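The following exercises concern backbone geometry, packing and contacts in one molecular structure. Each task is followed by a solution that proceeds step by step.

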Amino acid sequence: MTQVSMTVNGKAVSGEVEGRTLLSGFLRDSLNLTGTHVGCDTSQCGACVVHVDGVAVKACTMLAGEAEGTEVTTIEGMANPDGSLSTIQQAFQDHHGLQCGFCTPGMVMSAAALLQDNPNPSETEIREYLEGNICRCTGYHNIVKAIMAAAGQDVSKIAAE
Amino acid sequence: MPKDGGIGASSKRREDVRFLTGRGRYTDDININNQTYVHFLRSDVAHATIKGIDTAAASEMPGVVRIFTGADFEGIGSIPCGWQVTDRHGEPMQEPAHPVLAQGKVRHVGDPICAVVADTLEQARDAAEAIELDLEELPAVVDMKAAVQDGATKVHDDLTSNLCYDWGFVEENREAVDEAIKSAAHVTTLELVNNRLVANPMEPRVAVGDWNAGTDDYTLYTTSQNPHVIRLLMGAFVLGIPEHKLRVVAPDVGGGFGTKIFHYAEEAFCTFAAKQVGRPVKWTSSRSEAFMSDAHGRDHVTKIELAMDADNNFTALRTETYANMGAYLSTFAPSIPTWLHGTLMAGNYKTPLIYVNVKAVFTNTVPVDAYRGAGRPEATFQLERVVDKAARELGVDPIELRRQNFITEFPYATPVAVEYDTGDYNATMDKLAEIGDLSGFEARLAESKKRGKLRGLGVNCYIEACGIAPSNLVGQLGARAGLYESATVRVNATGSISVMTGSHSHGQGHETAFPQVIAEMIGIDESQVEIVHGDTATSPMGMGTYGSRSLAVGGSAMVRAAEKVINKAKKIASHLLEASEADIELKDGQFTVAGTDKSVAWGDVTLAAYVPHNYPLEEIEPGLEETAFYDPNNFTYPSGAYCCEVEVDPETGKVTIESFAAADDFGNIVNPMIVSGQVHGGIAQGVGQALLENCSYDENGQILSASYMDYAMPRADDVPFYSVDHSCQTPCTHNPLGVKGCGEAGAIGSPPSVVNAVVDALQRAGHDVTHIDMPLTPGKVWAAMNG
């Protein structure tokens, strides 16, 4: 067992982990931050996306030990300081960008990373960026629409509802 | 002007807030103090005799609590099947035993042999690797037609063959159909495969079993669409635990699509083992494990023949289908290719004579059961493909051939035993032409051609049967359960309401839509109504969510319970207002006396019910809480018309979906935003089946697509924005809300649109291609173009 320390959602945390412990496991099991979901075992689904030092990372593909000393943000750290939904989260609710909610944390974290790099992405750029996040419920329609809306684009012309 | 609340409003989903902030509570988020973890050691071969299991070394590994094998389940019940199909000779289907852990033989890759319970998951996995298995491999049967040949290896030694049943429907029509086909002016024949799929809800299955030593009560937390069904099946048939000692909780569930209906061995194991080891037992499926243990879907091989007279009127339809059951009968497996498939073969058409033959076959593969649409996509695909092929053979417009044969008068009794109550198939086709801009196709075709791409247009219709189902009817058809739904409407003293429903929400938005109905009925704000679901301890016995039944059946139960509440509240109001009960009206949360200005607020009446000081105690009881069980008296019949435009790259065979439009008739609609979302998701799953998804096995029964590296599902860049419309509304005539159900339509209607479009594109380019089996991968399309 080794000791790891990092900052998660602005709070300094530390814990004992095995060498094989994944960052996703550390977040879920040691820190009880269960918003980070694990939907596959091949780094394909993207339900576990978090930000490590500002970069979107699949938390199932990084060892907890590798995150030593980093700043990690999870879905639990994405709301506004007053607890209200952030712009991206609010856009997902406004445009029905989620159904069962399981892929949602990863989608929100990926969308946030995209908009950080590219504040005004095209539909194609959004769809290509989301290649690493699978949603089985929405058919992506309202996820793409929500991200466009979060970027401040007029989505009223995209098929209603 | 859109409504801002109640029935017909696109109310934003209240459940979203917890999901968007990481505060959902899924089964894997549940950890119980002192819990153990189980890892299942599964067969890595498709068929073998278990000659020996040596757990001695593994048992000594660190953290191991106990290792279970099939021997620990001697005398424990078999995982039950919930539907018995009777074959065309009047004999019951063959029904093999399905032990919790394999006994004597393994019958598919993934069949669980041992269960290692340890302090940590890692310790359980490590110990599983130290178990020594002696498996004597046997020949595997994978191909369905080979499986039913004389002399084929049997999946189950105690059955007479691998044929589960040979079903004929309607058997009395068989000869008349044969005759009609013989004497037809034209017969179009199509042989096709409905590819095997894996539902793949993004949340893998999880089960946590807990046993209370003080009370001898059990609790199972599980990823289920229907916790009461699990309690019934597992308690009564497998473990022998009476319902009052067994609680099943299905908290937030990350998608189901059918695959979380069924009772699985892992649920029974965790519940059983919790008492055996005296500690909670948790199992979390890995994704690869899910591919080997979640029930699969579809997997039909079909020959369909459509007969027409000289005027292109459909005169008869005959189908022969081989349906894969896998190695064991999953909960509803036998009903899918029969009663949920054969009864839909009339589709939208007035074909007078229909005969459906289905041979259900055991193979050394994972069990196959319901997946989104369940039988209805298989019916729709073959019918809409054969109609399209017929139009091309006859040189007539595929839409006009459909319109000519549409059922136009309702109610309509089909020759396959169901009666459609309402519908307007021309209206949805008209709407499709508008939203799909069908008249602009030629211009888009020319534009594609300029870019060197082959463009095609595919159009089709669908009908489905939802709201399963009248209990007495399904009982006659072999269901071993009733298919009603329940609701308790509990009004609190201050007027807020909790609705305990047997329906379960795992993405469908019940927590938002159900309150819209109650708010509309009473005239209070939606925020005053809360939905409680997913726990056998809080909801009355209910049958759960599948088959697009929640609003049509569960919503109807809720309406009936709310009507009882309102009737009682009116009695209380009449007392408070000193008026005749017959004169009391409820509107906007106020009880009024007709023709006067006397009124009392909803909250005052509810308070009186719980603080009955001024109250007619001699006539009615205090309190305001009512329960209703609603048993539907027919299925509901949503219908629609879909179109898809594709481009095919002639160099590579790659198909891209350029546009997709869906015009649906779901009857009345409670939340249009949620309905559209359901259609979007269904379309994507249908496009996935048509272009990408395939669960494949090699000839030895090895599963070749057991991870997301190998099983391709639609990603965001595989699909366009969809154009969906549900303004054509012919309300259901037999449920109180006039609703039909919308959850599966997209997955039912979309696969034929895509395949029709690709065939259209290739034929327009001069290729003599009449059919390609799904998924239409670039390799298959290229091969079709290049002979």
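## Exercise 1: The domains of chain A

Task. In this predicted model, state which domains are assigned to chain A, and describe the contact between them.

Solution. Step 1: the assignment for chain A gives domain 1, residues 2-76, and domain 2, residues 87-150. Step 2: the C-alpha centres of domain 1 and domain 2 of chain A are 21 Å apart. Step 3: domain 1 of chain A contributes 14 residues to the contact, and domain 2 of chain A contributes eleven residues. Step 4: on the side of domain 1 of chain A that touches domain 2 of chain A, strand E3 (residues 49-52) of chain A gives the most, with three residues. Step 5: by class, that side of domain 1 of chain A has seven nonpolar, seven polar and no charged residues.

## Exercise 2: Helix H1 of chain A

Task. Determine which residues of H1(A) are buried and what they pack against.

Solution. Step 1: a residue counts as buried if 20 or more other C-beta atoms lie within 10 Å of its own. Step 2: in H1(A), Leu23(A), Ser24(A), Gly25(A), Phe26(A), Leu27(A) and Arg28(A) are buried. Step 3: helix H1 (residues 23-30) of chain A thus has six of its eight residues buried, so it is largely enclosed by the rest of the structure. Step 4: the buried residues of H1(A) pack against strand E2 (11-17) of chain A. Step 5: just after H1(A), Asn32(A) has a positive phi of about 60 degrees.

## Exercise 3: The contact between chains A and B

Task. State how many residues each chain gives to the contact, and characterise the side of chain A that touches chain B.

Solution. Step 1: chain A gives 45 residues and chain B gives 48 residues. Step 2: at least two residues of the side of chain A that touches chain B come from each of helix H2 (87-94), helix H3 (104-117), helix H4 (123-129) and helix H5 (141-150) of chain A. Step 3: H2(A) supplies the largest share of that side, four residues. Step 4: the side of chain A that touches chain B divides into 21 nonpolar, 16 polar and eight charged residues.

## Exercise 4: A sheet in chain B

Task. Give the strand order of the five-stranded open sheet of chain B, and identify the helix that packs on the sheet.

Solution. Step 1: the order is E7-E15-E14-E13-E8 in chain B, with mixed pairing. Step 2: strand E7 (163-169) and strand E8 (186-198) of chain B are the edge strands, each pairing on one side only. Step 3: neighbouring strands of this sheet are turned by 10 degrees against each other on average, direction ignored. Step 4: E8(B) pairs with strand E13 (residues 296-308) of chain B in the antiparallel sense, over twelve bridges; Val193(B) stands opposite Val301(B) in E13(B). Step 5: helix H9 (residues 376-394) of chain B packs on the sheet and touches E8, E13 and strand E14 (314-326) of chain B, its direction making about 145 degrees with that of E8(B).

## Exercise 5: Helix H11 of chain B and positive phi values

Task. Locate the buried residues of H11(B), then compare the burial of Asp437(B) with that of Ser548(B).

Solution. Step 1: Tyr425(B), Thr428(B), Met429(B), Lys431(B) and Leu432(B) are the buried residues of H11(B). Step 2: they cover an arc of only 160 degrees around the axis, and therefore lie on the same side of H11(B). Step 3: the buried residues of H11(B) pack against helix H10 (398-405), E18, strand E26 (639-648), strand E27 (655-665) and strand E28 (722-725) of chain B.

Step 4: most residues other than glycine have a negative phi. Step 5: Asp437(B), not a glycine, has a positive phi of about 45 degrees and is found in the loop between helix H11 (425-435) and helix H12 (441-450) of chain B. Step 6: Asp437(B) counts as partly exposed because it has 16 C-beta neighbours inside 10 Å. Step 7: Ser548(B) has a positive phi near 50 degrees and is placed in the loop between strand E21 (529-532) and helix H15 (550-577) of chain B. Step 8: Ser548(B) counts as buried because it has 30 C-beta neighbours inside 10 Å.

Note on methods: Residues numbered from 1 in each chain as written. Chains lettered and ligands numbered in written order. Predicted model: local features only at pLDDT ≥ 70, side-chain atom pairs only at ≥ 80, totals over all residues. Contact = placed C-beta atoms within 7 Å. Nonpolar A, V, L, I, M, F, W, Y, C, P; charged D, E, K, R; others polar. Pairing = 2+ DSSP bridges. Axes fitted to C-alpha atoms, helices over the stretch in contact; angles between N-to-C directions. Buried ≥ 20, exposed ≤ 12 C-beta atoms within 10 Å, placed from the backbone. Domains from an automatic or database assignment. Arc of directions from axis to C-beta.
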